[in-house]
Amino acid sequence: MEISDLYGHFSRCVDLIHNPFRAVNHRGVILPLLFYKIVSDTYRDKRQVVEEKVGSEIAVRPAWYDFVIPNGYGWHEIYEADGSLADSILEGYERLSSANADEFGEILRIDADQLQRLEDGRLESLVKHLSSRNLSRKRTSPEKLGPMFQRLSLRLVDFHRGKVRSFPTPSMSHLLVSLLGPKGSAGRIHDPTCGIGTLLTETARSIRDSEDDLNQSRFSFSGQDADPDLVKIARMNLYANRVDGQLQVGGVPMEPGFARGRSFEHFDFVLSSLIPATLGAPLKDRDWRPGLKDWTYEGNDLDLARLI
């Protein structure tokens with residue numbers, strides 16, 4: 001599947017549930033359902049491979065998989081279930097989230113009220129559309145699936161928020177990573193204002209594509225954002241882009257997500273394009289030092305310039 005075809009497939013989801021006469025929480029429906037489909041297809045493909053090797057009885061063991069799909073709650077099973085489609089999806093997604101809390105962390109919840117209102121034919125059309133293609137990470141190149149999920153996420157987040165906050169585009173992120181990103185080394189890579197995780201995914205992609213063929217496992221990725229919903233979307237985005245990372249809710253600089261006591265954690269590389277937007281008022285109009293007087297960075301008094 002070409003990139004343009006894949007994005008067209010994703011974008012069609014918006015058209016199928018859009019209502020020009022009533023506000024629709026697109027991101028609260030489409031992103032969780034798309035994530036559900038990707039994860040379910042990935043598990044299903046892996047399950048088939050394992051069954052061919054060891055048989056169906058042994059293949060059910062969770063040890064074979066990076067995550068689990070609770071029995072009876074795979075995408076195709078909830079699609080074919082009797083009764084309310086919305087109720088089946090909500091129960092299946094909740095089971096998926098609970099069973100994989102350690103693997104995925106807290107991910108974006110489905111807008112239940114919105115989903116119920118779509119049971120006028122639009123939800124069935126959306127699920128049928130998503131079911132028409134296998135979105136497994138095993139079958140879809142990470143250079144296609146991840147970037148297209150990320151592109152759709154940016155579109156829906158901007159649409160939902162009315163563009164009150166600017167996010168780096170993939171091309172902008174790629175340029176920043178090319179200029180300032182880690183080269184020929186290893187260490188902790190952190191984005192203190194990660195949004196939906198675009199800079200982290202582009203950094204990982206840059207490492208994978210580097211001429212030195214660097215092993216991504218030599219780096220660890222982490223990020224934080226003051227908006228809990230963006231962090232939940234970022235976790236889904238990192239999974240779609242095959243990036244292992246630790247994400248937390250936290251603001252800059254007063255409520256960091258990564259700290260030990262009153263000391264900021266150390267990172268080898270810090271990339272961010274959003275600090276002024278996250279802080280709110282222009283830096284020149286705010287005095288952060290009184291609130292930071294008890295904070296230290298690597299055992300020294302915090303120098304705000306080093307942070308931002």
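Is Tyr239 buried or exposed? Tyr239 is buried, at a relative accessible area of 8% (buried means under 20%, exposed over 50%, partly exposed in between, using a 1.4 Å probe and protein chains only). Before the close-ups, note that this is a predicted model, where local features need pLDDT of at least 70, side-chain atom pairs count only at pLDDT 80 or more, and totals for chains, interfaces and linings use all residues. Residues are numbered from 1 along each chain as its sequence is written, and side-chain values use heavy atoms, with hydrogens and water left out.

**View A. Phe35 meets Tyr239.** The count for the structure comes to 10 aromatic pairs (Phe, Tyr or Trp rings, the six-membered one for Trp, with centres within 6.5 Å; planes under 30 degrees apart are stacked, over 60 edge-to-face, the rest tilted). Phe35 and Tyr239 make an edge-to-face pair, 5.6 Å centre to centre with 75° between the planes. Phe35 sits in helix H2 (residues 26-54) and Tyr239 in helix H12 (residues 228-240), so these partners are 204 residues apart (helices are DSSP runs of H or I, at least four residues, and strands are runs of E, at least two, numbered from the N terminus). Phe35 is buried too, at 1%.

**View B. Phe67 and Phe104 pair up.** This pair is tilted, with 5.5 Å between centres and 45° between planes. Phe67 is in the loop between helix H3 (56-59) and helix H4 (75-79), while Phe104 belongs to helix H6 (residues 101-104). Phe67 is buried at 8%, and Phe104 is buried at 8%. Zoom out and you get one aromatic cluster: Phe35, Tyr43, Tyr65, Phe67, Phe104 and Tyr239.

**View C. Arginines over tyrosine rings.** Arg137 puts its charged end over the ring of Tyr239, 4.0 Å from the centre (NZ of Lys or CZ of Arg within 6 Å of the ring centre and within 35 degrees of the ring normal). Arg151 lies over the face of Tyr7, 3.8 Å from the ring centre.

**View D. A salt bridge inside helix H2.** Lys37 and Asp41 meet at 2.4 Å, N to O (a salt bridge needs a Lys or Arg side-chain nitrogen within 4 Å of an Asp or Glu carboxyl oxygen). They are 4 residues apart, about one helical turn, and both are buried.

**View E. Arg109 reaches Glu94.** Their closest N and O atoms are 3.2 Å apart. Arg109 is in the loop between H6 and helix H7 (112-117) and Glu94 is in helix H5, so the bridge ties together parts 15 residues apart in sequence. Arg109 is exposed at 53%, whereas Glu94 is partly exposed at 34%.
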